[in-house]
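Please open the model in a viewer and keep the selection tool at hand. The stops below are arranged so that each selection leads to the next.

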Amino acid sequence: MTAFADRARAAILGQFIGDAMALGSHWHYNLLERTRLYPAGINGFERPVPGHYHAGREPGEPTHYGDAAMLLLRSVVADRGFDERRFGRRFVTAFNAEYVGYRDKPTRITIENALPHLDDPDFSFQCGADDFQTVSMCRLAPIVVLHAGGADRDAVVERAVRVTQANAEAVSHNRAYAWILDTLLHGGELRTAIVSGCSELTGPGAELVQIRLGDALSMEGSSVVDATGLVGRSCYLPCTFPSIIHACLHHDGDFAAAILETVRAGGDNASRAACVGAIMGAALGTAAIPQDYVRRLRARDEIDALVDCLLALRAENGSSAGRRSKASPGARD
């Protein structure tokens with residue numbers, strides 16, 4: 001296995017592990033109340049309590065974010081690349097009325113916008129919700145793996161985001177995140193990848209990304225729990241993006257600590273932990289991921305098989321690394 005392939009596998013595994021580790025503790029904003037519900041503390045893979053958003057799911061299963069992430073991974077493999085129309089139809093069908101699980105605001109709005117056009121072959125599926133939560137970012141790793149180093153990376157990322165989030169701020173933050181992952185997949189250093197991915201970004205919304213980077217860097221002396229509290233624990237990118245960056249920098253070199261402290265920080269920890277898992281996986285490779293985390297992931301066998309297919313597809317496409325854009329630094333894999 002090449003170094004790129006190992007980091008790519010770790011990024012995608014890390015994304016799903018982060019989401020699953022937060023299943024039971026997801027959307028607990030009152031940390032004192034959470035302590036009463038989980039007196040042994042938060043150690044990852046907690047079972048959701050009765051009445052919780054994910055009640056009925058078992059430890060190791062995904063949140064609704066993980067469901068959408070799996071749908072995207074399956075779609076990219078099945079379609080031999082990202083096709084926004086096919087993914088959009090699958091997304092609306094999967095998360096429509098018969099879905100058993102939580103449907104967040106951008107999902108509900110996307111369904112409302114797209115459902116009347118589901119049978120129209122010319123419908124673009126580029127009119128998702130005007131929303132800037134972290135819902136696209138926490139499933140994006142497979143697209144970055146497939147297009148890392150390619151001049152088309154940013155365009156494909158934008159199309160993927162706009163399926164459920166037709167919002168310039170969401171697009172800009174996802175572009176920065178993709179840049180970070182791309183740099184790490186090609187062996188870049190974590191801090192350099194993060195700072196360059198945010199500070200050198202151009203286009204609509206770039207200045208907001210740079211503000212979030214500044215927020216993250218200003219909190220470096222704080223714990224992940226405290227830093228997350230400073231910017232807020234909600235689902236929106238002004239809160240989640242600096243928390244993600246901070247957790248990775250604060251625990252540089254330690255996959256388990258970065259992801260576990262993100263989960264312990266509460267609020268929308270599932271989306272943040274998925275992104276932290278992807279970044280740390282891309283930075284450190286599979287050897288850094290505790291095997292217990294992998295074993296507890298219920299979909300691990302399917303994820304492994306799909307990653308094999310994704311890497312084979314990238315190889316068939318010539319790895320796209322030879323078609324580098326200025327915004328895609330790093331050496332060829």
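Begin by selecting Phe125, which is found in the loop between helix 5 (105–114) and helix 6 (141–147); helices here are DSSP runs of H or I with at least four residues, strands are runs of E with at least two, and both are numbered from the N terminus. The model is a predicted one, in which local features need pLDDT of at least 70 and side-chain atom pairs count only at pLDDT 80 or more, while totals for chains, interfaces and linings use all residues. Residues are numbered from 1 along each chain as its sequence is written, and side-chain values use heavy atoms, with hydrogens and water left out.

**Two loop residues with positive phi**

Display the backbone torsions of Phe125: phi is near 55°, a positive value in a residue other than glycine. Most residues other than glycine have a negative phi. Phe125 counts as buried because its relative accessibility is 2%; buried means under 20% relative accessible area, exposed over 50% and partly exposed in between, with a 1.4 Å probe and protein chains only.

Next select Trp27, in the loop between helix 1 and helix 2 (31–37). Trp27 is not a glycine either, and has a positive phi of about 60°. Its relative accessibility is 11%, so Trp27 counts as buried.

**The nonpolar core**

Which residues touch the most other members of the largest nonpolar core? Select Ile12, Phe82, Ile143 and Leu185, which hold that place among its 105 residues. A nonpolar core is a set of buried Ala, Val, Leu, Ile, Met, Phe, Trp, Tyr and Cys residues joined through side-chain atoms within 4.5 Å. Helix 1 (residues 3–21) supplies the largest share of this core, eleven residues. In soluble globular proteins, nonpolar side chains tend to be buried together.

Centre the view on Ile143, in helix 6. Ile143 counts as buried because its relative accessibility is 2%. Beyond four places in sequence, Ile143 touches Leu72, Val76, Phe82, Val156, Val157 and Ala160, where contact means heavy atoms within 4.5 Å. For a longer span, draw a line from Ile143 to Ile42: these residues are 101 apart along the chain, and their C-alpha atoms are separated by 31 Å.

Move to Leu185. Not counting residues up to four places away in sequence, Leu185 touches Phe4, Arg7, Ala8, Ala11, Val144, Val145, Ala148 and Ala282.

**A glycine in helix 1**

Select Gly14, which is in helix 1. At 0% relative accessibility, Gly14 counts as buried. Its C-alpha atom is 4.8 Å from that of Ala278, although Gly14 and Ala278 are 264 residues apart in sequence. With neighbours up to four places away set aside, the residues touched by Gly14 are Phe255, Ile259, Ala273, Ala274, Gly277, Ala278 and Ile289.

**Towards helix 9**

Is Gly187 buried or partly exposed? Gly187 lies in the loop between helix 8 (168–185) and helix 9, and counts as partly exposed because its relative accessibility is 48%. The C-alpha atoms of Gly187 and Arg7 are separated by 8.5 Å, with their positions 180 residues apart along the chain.

Now show helix 9 (residues 190–199) with helix 12: they pack at an angle of about 160°, with axes 10 Å apart. Axes are lines fitted to C-alpha atoms, for helices over the stretch in contact, and angles run from 0 to 180 degrees between N-to-C directions. Helix 9 is therefore roughly antiparallel to helix 12, a class for angles over 145 degrees. From helix 9, Leu190, Arg191, Ile194 and Cys198 make the contact, meeting Phe241, Ile245, Cys248 and Leu249 of helix 12.

Swap helix 12 for helix 10 (residues 206–218). Helix 9 and helix 10 pack at about 145°, with axes 8 Å apart. Here Arg191, Ile194, Val195, Cys198 and Ser199 of helix 9 meet Val209, Gln210, Leu213 and Leu217 of helix 10.

**Last stop: Ser243**

Finish at Ser243, in helix 12 (residues 237–250). Ser243 counts as buried because its relative accessibility is 3%. Leaving aside neighbours within four places in sequence, Ser243 is in contact with Thr228, Val231 and Arg272. A distance label from Ser243 to Gly229, 14 residues apart along the chain, should read 9.0 Å between C-alpha atoms.

Key. Parallel < 35°, antiparallel > 145°, perpendicular 65-115°, else oblique.
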